[in-house]
Amino acid sequence: MKTQTTTLPVTSPALTIRLNRHFIACSAAVACVAGASIPQQAHGAIVYSGVKNLALPTVGNGQLYLDFVLGTTHPFIPGQSGLDWDIAPYGGGLTNQSSYALVTVILGGKSANLAPGSPIDGSSTFFAAAGGIQDVDIADHTTGIIGFKFNPNSTDGFNPGANSTPTNYGWFRLSVDTVTGGQIVDWAYETTPAIGIAAAAVPEPSALGCLALGALGLGTMRRRRAALAA
């Protein structure tokens, strides 16, 4: 009996390269779409402001009211109330007006200057100077990171809103300068209550994962091309 054999068609090197490129691109697209569709569960989601460099008043009782959620600010207006705000630093960036809606991580009686990567979570020591002043441990002409826990439902710093307890962790970067007034450089916070955040942490861009996968695919194509040319 004659044995039947099947012969696969021979694919040219150029066609092989084009097919490899096609399948790698398809795999990268599928992986990126799948990754984007997976809901974040255990670690919540970080909201980052981007670099803002919000100018602070120079001296006295001048304040800058800042809403971390909306990213909006208001200048200090004597006698005006009802502003949306979470924190209101005073002149020079040396102090901040803590509130019922926000408490800061402290060390030695001051809002601590945290090293990047420091945890801000349930193990941190917080203090709320409700309606008062809380000094910050950041030297003049330098920049530091302040950790905080706040209530994103607050309509303003003295009205807790739907949830009366600060629940979300975050950080803000403060540049202190008693001459020029200093700046709130940027900030970030976790949208999921009780989920900690690292000082200076920002969201991980999913695009980087896609770019890495694409780079891996290009490397694979180069190796196969070299093997075909050998």
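Strands here are DSSP runs of E with at least two residues, and they are numbered from the N terminus. Keep that in mind as you work through these exercises on a predicted model.

**Exercise 1. Where does Asn-53 sit, and what is the sign of its phi?**

Step 1: find the flanking elements. Asn-53 lies in the loop between strand S1 (46-48) and strand S2 (54-55).

Step 2: read the backbone angle. Phi of Asn-53 is near 50°, a positive value in a residue other than glycine. For context, most residues other than glycine have a negative phi.

Step 3: check the exposure. Asn-53 has 36% relative accessibility, so it counts as partly exposed, given that this class runs between 20% and 50%.

Step 4: look for a parallel. His-141 also has a positive phi, near 65°, and is placed in the loop between strand S11 (133-135) and strand S12 (142-150). With 54% relative accessibility, His-141 counts as exposed.

**Exercise 2. Find the nonpolar patch on the surface and place Val-51 within the fold.**

Step 1: name the members. Tyr-48, Val-51 and Val-202 form the patch, and together they have about 250 Å² of accessible area.

Step 2: place Val-51. This residue is in the loop between S1 and S2.

Step 3: classify Val-51. Its relative accessible area is 59%, so Val-51 is exposed.

**Exercise 3. Describe the overall chain, then its nonpolar cores.**

Step 1: start with the whole. The protein chain has two helices and 15 strands, and 36% of its 230 residues count as buried.

Step 2: consider contact range. Among contacts with a separation of 6 or more, 67% come from residues 24 or more positions apart.

Step 3: turn to the core. The largest nonpolar core has 18 residues, and those touching the most other members are Leu-66, Phe-68, Phe-148, Phe-172, Leu-174, Ile-184 and Trp-187. At least two residues of this core come from each of strand S3 (64-66), S12, strand S13 (168-176) and strand S14 (183-190). A second, separate core has 11 residues, including Ala-112, Ala-188, Ala-199 and Ala-201.

Step 4: add the general picture. In soluble globular proteins, nonpolar side chains tend to be buried together.

Step 5: pick out the rings. One aromatic cluster is formed by Phe-68, Phe-148, Phe-150, Phe-172, Trp-187 and Tyr-189.

**Exercise 4. Which residues form the salt bridge, and is Asp-186 buried or exposed?**

Step 1: identify the pair. The structure holds one salt bridge. It joins Arg-173 to Asp-186, with the closest N and O atoms 2.9 Å apart, which means that the pair meets the 4 Å cut-off.

Step 2: locate the partners. Arg-173 is in strand S13 and Asp-186 in strand S14, 13 residues apart, and the pair links distant parts of the chain.

Step 3: compare each partner with the cut-offs. Arg-173 is partly exposed, because its relative accessible area is 22%. Asp-186 counts as buried, because its relative accessibility is 2%.

**Exercise 5. Map the surroundings of Asn-168.**

Step 1: place the residue. Asn-168 is found in strand S13 and, at 2% relative accessibility, counts as buried.

Step 2: list what it touches. Leaving aside residues up to four places away in sequence, Asn-168 touches Phe-148, Lys-149, Phe-150, Pro-152, Glu-190, Thr-191, Thr-192 and Pro-193.

Step 3: gauge one of these pairs. Asn-168 and Thr-191 are 23 residues apart in sequence, and their C-alpha atoms are 6.6 Å apart in space.

Notes. Residues numbered from 1 in each chain as written. Predicted model: local features only at pLDDT ≥ 70, side-chain atom pairs only at ≥ 80, totals over all residues. Heavy atoms only, no water. Helix = DSSP H or I, 4+ residues; strand = E, 2+ residues; numbered from the N terminus. Buried < 20%, exposed > 50% of the residue type's maximum accessible area, 1.4 Å probe, protein only. Core = buried A, V, L, I, M, F, W, Y, C linked by side-chain atoms within 4.5 Å. Contact = heavy atoms within 4.5 Å. Patch = residues over 30% accessible without salt bridge, like charges linked within 9 Å, V, L, I, M, F, W, Y side chains within 5 Å. Areas by Shrake-Rupley, 256 points an atom, 1.4 Å probe, with all protein chains shown as cover. Salt bridge = Lys/Arg side-chain N within 4 Å of Asp/Glu carboxyl O. Phe/Tyr/Trp six-rings, centres within 6.5 Å; stacked < 30°, edge-to-face > 60°.
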